[in-house]
Amino acid sequence: MLRMHDSILAYCTYMTTTATSGTEISCSLKARGWSQAALARKLGVSAGMVNNVVHNRVTSHTVAAHIAMLLQAPIESLWPGRYEYRPRAQSKNDRREEAAQ
């Protein structure tokens with residue numbers, strides 16, 4: 001008889017690496033032998049931080065990049081639009097300096 005843990009891992013092996021929901025990402029991590037708590041210990045952050053990144057509630061490029069590396073998936077496929085490079089707008093001081101020159 002399969003234990004609950006075994007059936008969850010069996011289900012997770014069928015998940016794709018282009019997960020878009022937090023549940024799929026978490027399940028994919030479990031299928032590769034990683035718990036969110038173990039990942040948090042490795043990265044030196046709280047388990048809550050890892051969970052919040054997985055479920056797209058907060059942004060942490062360090063945590064997200066590590067998860068993407070473990071899942072061998074582009075970060076953009078896991079969190080579309082969340083970690084795109086966007087140049088910062090000029091600050092008021094920079095605009096003043098340019099105007100003064």
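**Figure 1. Just past helix H3 sits Gly44, a residue with a positive phi.** The phi of Gly44 comes out near 75 degrees. What you are looking at, here and in the other views, is a predicted model. Helix H3 itself covers residues 36-43, and the next view goes there.

**Figure 2. Helix H3 has a buried side and another side with exposed residues.** Gln36, Leu39 and Ala40 are the ones tucked in as buried residues. Around the axis they take up an arc of only 100 degrees, so they sit on the same side of H3. Look to the other side of H3 and you'll find Arg41 and Lys42, both exposed. And what do the buried residues of H3 pack against? Their partners are helix H2 (22-31), H4 and H5.

**Figure 3. Ser26 is a buried residue of helix H2.** Its place in the chain is within H2. The relative accessible area of Ser26 is 13%, and buried means under 20%, which is why Ser26 counts as buried. Setting aside neighbours within four places in sequence, which residues does Ser26 contact? They are Gln36 and Val54. Gln36 is a familiar name from the previous view, as one of the buried residues in H3, while Val54 belongs to H4.

**Figure 4. Helices H4 and H5 pack against each other at about 70 degrees.** H4 runs through residues 47-54 and H5 through residues 61-71, with the two axes 10 Å apart. Angles from 65 to 115 degrees count as roughly perpendicular, and H4 and H5 therefore fall into that group. On the H4 side, the meeting residues are Met49, Val50, Val53 and Val54; on the H5 side, they are Val63, Ala64 and Ile67. Sort the residues of this contact by type and you get seven nonpolar, no polar and no charged.

**Figure 5. Trp79 and Tyr83 make an aromatic pair.** Search the whole structure and one such pair turns up. The ring centres of Trp79 and Tyr83 are 5.9 Å apart and the ring planes stand at 75 degrees, so this pair is edge-to-face. Are these two residues buried or exposed? Both Trp79 and Tyr83 are buried.

**Figure 6. Stepping back, the protein is built with seven helices and zero strands.** Starting at the N terminus, the order of elements reads α-α-α-α-α-α-α. Of the 101 residues in the protein, 29% are buried. Among contacts with a separation of 6 or more, 41% link residues 24 or more positions apart.

Definitions and conventions:
Residues are numbered from 1 along each chain as its sequence is written. This is a predicted model: local features need pLDDT of at least 70, side-chain atom pairs count only at pLDDT 80 or more; totals for chains, interfaces and linings use all residues. Side-chain values use heavy atoms; hydrogens and water are left out. Axes are lines fitted to C-alpha atoms, for helices over the stretch in contact, and angles run from 0 to 180 degrees between N-to-C directions. Helices (H or I, at least four residues) and strands (E, at least two) are DSSP runs, numbered from the N terminus. Angles under 35 degrees count as roughly parallel, over 145 as roughly antiparallel, 65 to 115 as roughly perpendicular and the rest as oblique. Contact means heavy atoms within 4.5 Å. Ala, Val, Leu, Ile, Met, Phe, Trp, Tyr, Cys and Pro count as nonpolar, Asp, Glu, Lys and Arg as charged, and the others, Gly among them, as polar. Buried means under 20% relative accessible area, exposed over 50%, partly exposed in between (1.4 Å probe, protein chains only). The arc is that of the directions from the helix axis to the C-beta atoms. Rings of Phe, Tyr and Trp (its six-membered ring) pair if their centres lie within 6.5 Å; planes under 30 degrees apart count as stacked, over 60 as edge-to-face and the rest as tilted.
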